[in-house]
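Here is a short report for a reader meeting this structure for the first time. Keep the sequence and the 3D view at hand while reading.

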There are 2 protein chains.
Amino acid sequence: MSGLRARQKADRHRRIIEAAAALFREAGYEGAKIETIAAQAEVSIGTIYNYYQNKGDILGAIVSMEVNEVLNAGRGVVAMPPANVGDALDTLIGIYIEHSLHYLSKEMWRQAMAISTQLPDSPFGQAYTALDRSLTDQIGALIARLQEVGLARPDIDGMALGELIFNNMNMMFIEFVKRDAARIPELRASIRRQNRILVSAIAKE
Amino acid sequence: MSGLRARQKADRHRRIIEAAAALFREAGYEGAKIETIAAQAEVSIGTIYNYYQNKGDILGAIVSMEVNEVLNAGRGVVAMPPANVGDALDTLIGIYIEHSLHYLSKEMWRQAMAISTQLPDSPFGQAYTALDRSLTDQIGALIARLQEVGLARPDIDGMALGELIFNNMNMMFIEFVKRDAARIPELRASIRRQNRILVSAIAKE
DNA sequence: TTCTAAAATTGAGTCAATTCTGTTTTTATG
DNA sequence: CATAAAAACAGAATTGACTCAATTTTAGAA
């Protein structure tokens with residue numbers, strides 16, 4: 001029985017997120033004042049803090065939506081991977097990266113990453129760590145799949161390899177969002193170059 | 001002719017850093033108020049901001065000292081590496097990690113990392129990126145050294161491999177400082193496990 | 001020694017996130 | 001319905017990083 005209270009709650013959540021997302025994009029995370037978000041969402045400052053522990057958690061909610069979309073898109077690749085290790089990795093990573101700036105600007109990513117290390121125990125901090133874990137697992141699942149279909153050597157520690165690939169990709173992505181001038185094609189090329197070492201070590205000849 | 005002014009300047013720098021380092025350790029980065037640092041260092045708030053652009057830059061100065069020490073210690077390993085690829089990497093990385101909590105608490109690391117992604121163009125942001133680069137280069141130099149002495153295959157892209165190893169280590173370290181309960185031996189073991197994949201791919205049989 | 005411009009210091013004031021407390025709204029109960 | 005407890009709201013007050021205009025100190029020329 002979704003009462004009035006529950007409906008109003010969902011509605012306010014939505015309004016706050018929409019107002020924040022718009023403002024973050026327009027004015028940047030730092031430039032967006034809670035006061036303005038509150039006005040835009042037609043709630044008071046106090047209410048925002050009733051819904052989110054701090055400004056970072058609002059951004060966190062937006063980031064989570066983005067990453068979950070990416071994870072969904074990745075499932076397709078794991079289910080039917082391209083027919084060689086190099087392309088399979090490149091395709092999956094490509095999905096992650098190409099998607100990354102859909103809803104979030106680089107500045108928003110920088111803030112999100114910063115908050116997740118700064119406050120690892122806040123709701124968003126924990127959520128972000130979980131999202132990273134999911135991405136790592138998805139890469140691990142791809143490796144496992146490639147081993148199943150006989151494209152990758154079965155004696156490789158798939159889990160460790162998944163972590164290695166994710167960690168490298170993630171660091172490269174962090175450097176990418178840190179430089180506004182950095183471009184996606186160059187990022188992908190760098191990651192491919194590094195993965196080549198791994199690919200040659202694990203692909204069945 | 002180091003005049004009075006230059007001497008006072010150096011002295012104030014030192015006092016600010018010492019006061020800040022003590023307070024960051026005691027009260028944590030967030031818990032340390034600029035006001036308190038100023039009082040402890042016997043300068044005014046304004047003076048602190050004359051010496052450092054913001055609170056993060058003070059922490060940055062401390063982090064830089066730490067990392068530079070680590071880089072120095074690493075030089076020895078690169079000059080005379082252990083006689084196989086696995087041990088060589090483990091020794092160098094061991095130096096980095098074992099040193100890491102000498103002056104800096106995990107909380108201080110978290111803040112430093114956060115600031116470096118949040119404000120990549122601030123003095124500290126740029127310095128931090130440069131330090132990462134130096135560490136990457138040092139790992140690259142170790143690989144090159146191992147190739148020279150015939151322990152590693154010469155056809156490997158040493159630069160790309162250095163980045164890969166650093167990026168993975170760094171992400172593992174980030175996760176390490178995010179969890180207060182995480183311990184150094186487990187961190188080293190995880191990194192070793194991941195590097196094993198690489199070692200088997202690049203060591204000359 | 002005296003004087004002046006440049007450099008450095010000072011701390012009260014500004015700004016924006018977050019907290020806190022009193023008020024209003026909703027729900028459940030008789 | 002009436003009402004009391006619980007939940008949510010509002011916005012003024014607090015807090016702490018950072019700024020800036022006024023003041024003090026230093027360097028070095030006359």
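The sections below go from one whole chain to the contacts between chains, then to the DNA, the core and single residues.

## Overall fold of chain A

This is a predicted model. Chain A holds nine helices and zero strands. Its pattern along the sequence reads α-α-α-α-α-α-α-α-α. The C-alpha trace of chain A spans about 65 × 45 × 25 Å along its principal axes.

Of the 205 residues in chain A, 39% are buried. Take the contacts in chain A between residues at least 6 apart in sequence: 68% of them join residues at least 24 apart.

## Where the two chains meet

How many residues of each chain take part in the contact between chains A and B? In chain A there are 24, and they are in contact with 24 residues of chain B. On the chain A side, α6 (106–118), α8 (158–178) and α9 (184–202) each supply at least two residues. Helix α8(A) gives the most, with eleven residues.

The side of chain A that touches chain B is mixed in character. Twelve of its residues are nonpolar, seven are polar and five are charged.

## The surface near the DNA

Two DNA strands are present in the model, C and D. Start with strand D. There are 21 residues around it, and Ser44(A), Gly46(A), Gly3(B), Asn54(B) and Lys55(B) come nearest. From chain A, α1 (4–27) and α3 (45–51) each give two or more residues to this surface. From chain B, α1 (4–27), α2 (34–41) and α3 (45–51) do so. The surface near strand D divides into six nonpolar, eight polar and seven charged residues.

Now turn to strand C. Around it lie 21 residues, of which Gly3(A), Arg5(A), Ser44(B), Gly46(B) and Thr47(B) come nearest. Here α1, α2 (34–41) and α3 of chain A each supply at least two residues, as do α1 and α3 of chain B. The surface near strand C has six nonpolar, eight polar and seven charged residues.

## The nonpolar core

The largest nonpolar core has 114 residues. Ala20(A), Ala20(B) and Leu92(B) have the most contacts inside it. In soluble globular proteins, nonpolar side chains tend to be buried together.

What does Ala20(B) touch, apart from neighbours within four places in sequence? Ala20(B) is in contact with Ala32(B), Ile37(B) and Ile58(B). Ile58(B) is one of the buried residues of α4(B).

## Two helices of chain B

Helix α5 of chain B covers residues 85–99. Its 15 residues should span 21 Å at 1.5 Å a residue, and its end C-alpha atoms are 22 Å apart, which agrees. The buried residues of α5(B) are Val85(B), Ala88(B), Leu89(B), Leu92(B), Ile93(B), Ile95(B) and Tyr96(B). Seen down the axis of α5(B), they fall within an arc of 145 degrees, so they line one face of the helix. Their cover includes α4 (55–79), α7 (123–148), α8 (158–178) and α9 (184–202) of chain B.

Helix α4(B) has 25 residues, which should span 36 Å at 1.5 Å a residue. Its end C-alpha atoms are 37 Å apart, which agrees. Its buried residues include Lys55(B), Gly56(B), Leu59(B), Val63(B) and Val77(B). Lys55(B) is also among the residues that come nearest to DNA strand D.

## Single residues to look up

Glu42(A) sits in the loop between α2 and α3 of chain A. Glu42(A) has a positive phi of about 60 degrees although it is not a glycine. With 11 other C-beta atoms within 10 Å, Glu42(A) is exposed. In chain B, Glu42(B) lies in the loop between α2 and α3. Glu42(B) has a positive phi of about 60 degrees and is not a glycine. Glu42(B) counts as exposed, with 11 C-beta neighbours inside 10 Å.

Gly28(B) is in the loop between α1 and α2 of chain B. Gly28(B) is partly exposed, with 14 other C-beta atoms within 10 Å. Gly28(B) and Gln111(B) are 83 residues apart along the chain, and their C-alpha atoms are separated by 9.6 Å. Met159(B), in helix α8 of chain B, is partly exposed, with 16 other C-beta atoms within 10 Å. Met159(B) and Ala112(B) are 47 residues apart along the chain, and their C-alpha atoms are separated by 26 Å.

Terms used:
Residues numbered from 1 in each chain as written. Chains lettered and ligands numbered in written order. Predicted model: local features only at pLDDT ≥ 70, side-chain atom pairs only at ≥ 80, totals over all residues. Helix = DSSP H or I, 4+ residues; strand = E, 2+ residues; numbered from the N terminus. Expected span 1.5 Å × (residues − 1). Buried ≥ 20, exposed ≤ 12 C-beta atoms within 10 Å, placed from the backbone. Arc of directions from axis to C-beta. Contact = placed C-beta atoms within 7 Å. Nonpolar A, V, L, I, M, F, W, Y, C, P; charged D, E, K, R; others polar. Core = buried A, V, L, I, M, F, W, Y, C linked by C-beta atoms within 7 Å. Near = placed C-beta within 6 Å.
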